[in-house]
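Reader: I keep meeting labels for parts of a protein. Show me one, and let me ask how each label is earned.

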Amino acid sequence: MKPFYTIFGIRLASYGSLIALGIVVASLVYWYRKKEYPADKETIYYSIVYGMIGGFLGAKLLYLITDFNFVVDSLKNTKDLVSTLRDILAGGYVFYGGIIGGLVALYIYSKKYKINFLDMIDSMAPEVPLAHAFGRIGCFMAGCCYGLPCNSKFAVIFPKESVGLSGVKLFPVQLLSSLGNIIIFIILFIYSKKDRSRGKVSGLYIILYGIGRFLVEFLRYDDVRGHFLYFSTSQWISILLVPLGVILYKKGESLCKKTQE
């Protein structure tokens, strides 16, 4: 568990490096599966680029929203505005924001180039949890998004240089999340092998991830996620998205036809 490592004298962040690796691996898998969703190379390339840009912007924006009080306090008490802004922007990301931002960007791309939106997100859906699995390992290496204090044999103690809580036995919820994402990837990869009607694959992803994320949130202990009543921000988003995933899974094809009429 090292937040940073050095290669050829260059200091690199484990978190960012694993996110980058996850994107590369997921993009290669997406490229491999292109025969299942016929598309030209340019469409595949630009859909990845649009999804990445929208995903990063959305993930950062939702992080700033959920940690709004910290951002405001930091700006009020700062003596070096440039440095403070740099630290804020270099902070964390919220995955749900990435999903929403990525979908918005892909929708814009599909409309601009007259590509069926559901076809596009169905083709990309299996790779999303694969990339996310690498990102959660990055969280584990950095020490962020940590779990509840516990004394089980699975407990880990993060070093002082970690982003989050150190010196305390914590449940490695990041690794559990990574495993869950890998399982979802395998399910979607196999499920998408057969010809499915529009919305089935992406709808199934939203359902599986939404339920899993809602449950895993109970095992998290970091305090920058935002809470309302008894649930975290991500749990409320899960509550809203799972029913939408069910609708997409059951009626995606008919919804697509209505939008084209």
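**How the labels are earned**

Author: Start with a loop. Glu217 sits in the loop between helix 9 (200-216) and strand 5 (227-228). Keep in mind that this is a predicted model.

Reader: What makes Glu217 count as buried or exposed?

Author: Its relative accessible area is 3%. Buried means under 20%. Glu217 is therefore buried.

Reader: Which side chains does the side chain of Glu217 make a polar contact with?

Author: One is the side chain of Arg213, at 2.8 Å. Another is the side chain of Ser232, at 2.7 Å. The cut-off for such a pair of N or O atoms is 3.5 Å. Both values, 2.8 Å and 2.7 Å, are within it.

Reader: Where is Phe158, and why is it called buried?

Author: Phe158 is in the loop between strand 3 (156-157) and strand 4 (169-170). Its relative accessibility is 1%, so it counts as buried. Phe158 and Val168 are ten residues apart along the chain, and 7.2 Å separates their C-alpha atoms.

Reader: What is noted about the phi of Lys114 and of Cys145?

Author: Lys114 has a positive phi of about 55°, although it is not a glycine. Cys145 is not a glycine either, and its phi is positive at about 55°.

Reader: Where are they, and which is buried and which exposed?

Author: Lys114 lies in the loop between helix 5 and helix 6. Its relative accessible area is 77%. Exposed means over 50%, so Lys114 is exposed. Cys145 lies in the loop between helix 7 (127-142) and strand 3. Its value is 15%, under the 20% cut-off, so Cys145 is buried.

Reader: Now the helices. Why is helix 5 called oblique to helix 6?

Author: The axes of helix 5 (residues 95-112) and helix 6 (residues 117-124) cross at roughly 135° and come within 9 Å. That makes the pair oblique. Roughly antiparallel would need an angle over 145 degrees, and roughly perpendicular covers 65 to 115. Helix 5 passes helix 6 in a right-handed crossing.

Reader: Which residues meet there, and how do they divide by class?

Author: Helix 5 brings Leu103, Leu106, Tyr107, Tyr109 and Ser110; helix 6 brings Phe117, Met120, Ile121 and Met124. Eight of the residues in this contact are nonpolar, one is polar and none is charged.

Reader: What makes helix 6 largely enclosed by the rest of the structure?

Author: Count its buried residues. Six of the eight residues of helix 6 are buried, so the helix is largely enclosed. They are Leu118, Met120, Ile121, Asp122, Ser123 and Met124. At the start of helix 6, a side-chain oxygen of Asn116 comes to within 3.1 Å of the backbone nitrogen of Leu118.

Reader: How do you know whether helix 8 and helix 9 are roughly parallel or roughly antiparallel?

Author: Look at the angle. Helix 8 (residues 173-191) packs against helix 9 at about 160°, and the axes are 10 Å apart. Over 145 degrees counts as roughly antiparallel. The two helices are therefore roughly antiparallel. Their crossing is right-handed.

Reader: Which residues build the contact between helix 8 and helix 9?

Author: Helix 8 residues including Val173, Ile184, Leu188 and Tyr191 meet helix 9 residues including Lys200, Leu204, Leu208 and Val216. By class, the contact holds eleven nonpolar, two polar and one charged residues.

Reader: And helix 1 with helix 7: why are they given their label?

Author: Helix 1 (residues 14-32) and helix 7 pack at about 165°, with axes 8 Å apart. Set that against the limit of 145 degrees. The pair is therefore roughly antiparallel. Helix 1 passes helix 7 in a right-handed crossing.

Reader: Which residues meet in that contact, and what are their classes?

Author: Among them are Tyr15, Leu18, Gly22 and Val29 in helix 1, and Glu127, Leu130, Phe134 and Gly138 in helix 7. The classes come to 16 nonpolar, four polar and one charged.

Reader: Last, the whole chain. How many helices and strands are there, and what share of the residues is buried?

Author: The protein chain has ten helices and six strands. Of its 261 residues, 43% count as buried. Take contacts between residues at least 6 apart in sequence: 67% of these join residues at least 24 apart.

Definitions and conventions: Residues are numbered from 1 along each chain as its sequence is written. This is a predicted model: local features need pLDDT of at least 70, side-chain atom pairs count only at pLDDT 80 or more; totals for chains, interfaces and linings use all residues. Side-chain values use heavy atoms; hydrogens and water are left out. Helices (H or I, at least four residues) and strands (E, at least two) are DSSP runs, numbered from the N terminus. Buried means under 20% relative accessible area, exposed over 50%, partly exposed in between (1.4 Å probe, protein chains only). Axes are lines fitted to C-alpha atoms, for helices over the stretch in contact, and angles run from 0 to 180 degrees between N-to-C directions. Angles under 35 degrees count as roughly parallel, over 145 as roughly antiparallel, 65 to 115 as roughly perpendicular and the rest as oblique. A crossing is left-handed if the near helix is turned anticlockwise from the far one by less than a right angle, and right-handed if clockwise. Contact means heavy atoms within 4.5 Å. Ala, Val, Leu, Ile, Met, Phe, Trp, Tyr, Cys and Pro count as nonpolar, Asp, Glu, Lys and Arg as charged, and the others, Gly among them, as polar. A polar contact is a pair of N or O atoms within 3.5 Å; within protein, one must be able to donate a hydrogen and the other to accept it, and residues adjacent in sequence count only if both atoms are side-chain atoms.
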